[in-house]
Amino acid sequence: MFNKVLIANRGEIALRVLRACKELGISTVAVHSTADADAMHVRLADESVCIGPPPARDSYLNIPSVLAACEITGADAVHPGYGFLSENARFADILAAHRIAFIGPSAEHIRIMGDKIEAKRTAARLGIPVVPGSEGAVDNDIEAMRIAKEIGFPVLVKAAAGGGGRGMKVAQTPDELPMAMSTARAEARSAFGDDQLYIEKYLGKPRHIEIQVLGDGRGDAVHLGERDCSLQRRHQKIWEEAPSPALNDEARGRIGAIVADAIAKLGYAGVGTVEFLYENGEFYFIEMNTRLQVEHPVTEMITGIDLVNEQLRVASGSPLSMSQDDISFNGHAVECRINAEDPATFTPSPGTIRYFHPPGGLGVRVDSAIYHGYNIPPHYDSLIGKLIVHGRNRVECMMRLRRALDEFVVDGVRSTVPLFRRLVDDVDIANGMYNIHWLEKYLSRSQDMTE
Ligand code: MV4
């Protein structure tokens with residue numbers, strides 16, 4: 001096992017990783033920008049290094065600075081958390097060249113999955129069902145039209161370098177296709193410096209269901225079930241749950257086995273998430289994330305498996321601590337992302353926490369790095385904590401969530417807690433009847449009612 005892990009992140013995820021290291025007796029190094037000198041991850045780590053000024057590109061994204069912090073402290077591994085350098089293949093290569101372990105998959109696997117065309121080709125080759133569409137990049141409008149007519153309208157034009165919803169354009173009919181192609185290409189070129197496009201059948205009312213996987217990098221892999229992440233606003237997830245209200249054991253077992261088999265064949269190391277759209281009982285692969293995700297705790301709550309502990313084990317060359325037969329799914333979990341934002345307009349609300357009272361009790365977990373008197377800097381994302389609630393079934397989980405939200409106090413800044421108090425009482429949410437468009441429709445209805 002590693003002696004010293006440098007955590008190249010901040011906020012709640014830096015704490016999450018730090019806790020897993022502590023439990024394994026690994027010493028920890030925090031890195032931080034000047035804006036984060038008083039942050040909780042800095043206080044709790046054994047050592048800390050200031051790596052630059054507040055803008056992330058000058059600190060948390062600055063590879064030479066992070067590398068220098070490794071050299072100064074003698075860290076033998078880096079955990080990147082999520083965001084920042086977590087899916088940066090060049091960073092993984094540079095660490096390898098310096099004989100420092102990257103706690104994540106190989107640079108090669110990060111690179112493949114970062115190119116959405118290559119990711120889809122790889123998934124299909126490994127037997128994962130994909131969305132019908134072009135086999136690779138689509139170079140011109142004539143080819144685009146031929147493929148679109150073959151799969152049928154509406155179609156979606158996507159950027160190879162995209163992901164997270166950026167650079168996508170729908171063409172409802174053939175006459176809309178040339179414009180969708182040129183707009184998507186221009187956006188992709190300016191946003192990513194890569195204007196390769198591909199085309200898919202547009203699915204109208206899918207759910208977003210993702211499968212958590214874990215591989216040992218040597219041909220062994222397991223799946224840890226799914227998370228339903230359909231409740232999103234502008235491609236930001238706000239509520240995630242497991243199991244999905246839309247799946248039965250048969251569907252879960254079927255897609256889980258396909259995905260675990262594919263990940264084993266790929267020789268994938270560490271945790272990963274295979275994302276699907278799910279419509280009319282069918283799964284369609286869209287992307288794979290090669291990092292630990294924000295919503296990983298819902299999987300931990302229903303499986304009892306510590307995903308960061310498994311990441312550390314695999315990265316240090318140990319086998320997985322379990323086989324597929326050892327994994328069982330127990331009860332139901334929901335995660336609410338608590339953002340320092342106005343709950344109606346989602347305007348960021350940085351500032352000083354004047355009072356913080358997180359809920360507790362059986363089945364309640366709060367992953368947060370904020371504290372009474374903490375000043376939330378304006379330079380980073382607005383996630384200030386995650387409330388994760390577990391119950392023996394979905395009804396118990398929802399009752400417990402309602403109670404936990406009632407207890408939750410965040411004063412001094414606006415937070416999204418009041419939005420979750422409304423959602424937990426909504427009849428569609430209670431019935432699990434929602435798709436990827438539900439939340440935005442709900443929010444525009446709420447907007448109309450206040451006008
Ligand atoms: C789609 C789709 C419909 N059909 N692909 C958005 C982000 C990116 N990860 C994939 N996305 C979508 N791909 C096809 N063929 C609809 C979306 C989509 C979406 C997906 C998941 C969660 C929320 C979403 C919101 C809008 C659109």
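Helix H10 has as its buried residues His296, Pro297, Val298, Thr299, Glu300, Met301, Ile302 and Thr303, where buried means under 20% relative accessible area, exposed means over 50%, and partly exposed covers what is in between, with a 1.4 Å probe and protein chains only. Helix H10 spans residues 296-303 and is mostly covered, since eight of its eight residues are buried. Helices (H or I, at least four residues) and strands (E, at least two) are DSSP runs, numbered from the N terminus. After H10 comes Gly304, which has a positive phi near 75°.

Before going further, it helps to know how the model was treated. This is a predicted model, in which local features need pLDDT of at least 70 and side-chain atom pairs count only at pLDDT 80 or more, while totals for chains, interfaces and linings use all residues. Residues are numbered from 1 along each chain as its sequence is written, and side-chain values use heavy atoms, with hydrogens and water left out.

The chain can be read through its domains. Its domain assignment gives domain 1 (4-103), domain 2 (132-201) and domain 3 (207-450), with bounds that come from an automatic or database domain assignment. Taken over C-alpha atoms, the centres of domain 1 and domain 2 are separated by 37 Å.

Where does the ligand lie with respect to domain 2 and domain 3? Both domain 2 (132-201) and domain 3 (207-450) give residues to the shell around the ligand, so the ligand lies between them. In that shell, 18 residues surround the ligand, and the closest are Lys158, Glu200, Lys201, Leu203 and Glu287; a residue is near a molecule or strand if one of its heavy atoms lies within 4 Å of it. By class, the shell has eight nonpolar, five polar and five charged residues. Here Ala, Val, Leu, Ile, Met, Phe, Trp, Tyr, Cys and Pro count as nonpolar, Asp, Glu, Lys and Arg as charged, and the others, Gly among them, as polar.

Three of these neighbours can be followed down to single atoms. A polar side-chain atom of Glu200 is 2.9 Å from a nitrogen atom of the ligand, and a polar side-chain atom of Glu287 is 3.0 Å from a nitrogen atom of the ligand, whereas for Lys201 a polar backbone atom lies 2.7 Å from a ligand nitrogen atom. Taken alone, the ligand exposes 520 Å², and the protein buries 92% of that; such accessible areas come from the Shrake-Rupley method with a 1.4 Å probe, and for residues only the protein chains shown count as cover. The elements that give two or more residues to the shell around the ligand are strand S6 (155-159), strand S8 (197-201), strand S12 (269-279) and strand S13 (282-289).

Just before strand S6, the backbone has a detail that is worth finding. Pro154 is found in the loop between helix H7 (141-151) and S6, and a cis peptide bond with omega of about -5° joins Phe153 and Pro154. Another cis peptide bond, again with omega of about -5°, joins Ala242 and Pro243, and Pro243 has its place in the loop between strand S11 (236-242) and helix H9 (249-266). Most residues other than glycine have a negative phi, and most peptide bonds are trans.

Two residues other than glycine can be looked at for their phi values. Phe84, in the loop between strand S4 (77-79) and helix H4 (89-97), has a positive phi near 40° and is partly exposed, with a relative accessible area of 26%. Arg99, in the loop between H4 and strand S5 (101-102), has a positive phi near 60° and counts as exposed at 74% relative accessibility.

The last stops are in the interior. Ile211 lies in strand S9 (residues 207-216) and is buried, with a relative accessible area of 2%. The C-alpha atom of Ile211 is 5.2 Å from that of Val274, although the two residues are 63 residues apart along the chain. Ser230, in strand S10 (residues 221-233), is buried with a relative accessible area of 0%, and its side chain makes a polar contact of 2.7 Å with the side chain of Asp228. A polar contact is a pair of N or O atoms within 3.5 Å; within protein, one must be able to donate a hydrogen and the other to accept it, and residues adjacent in sequence count only if both atoms are side-chain atoms.
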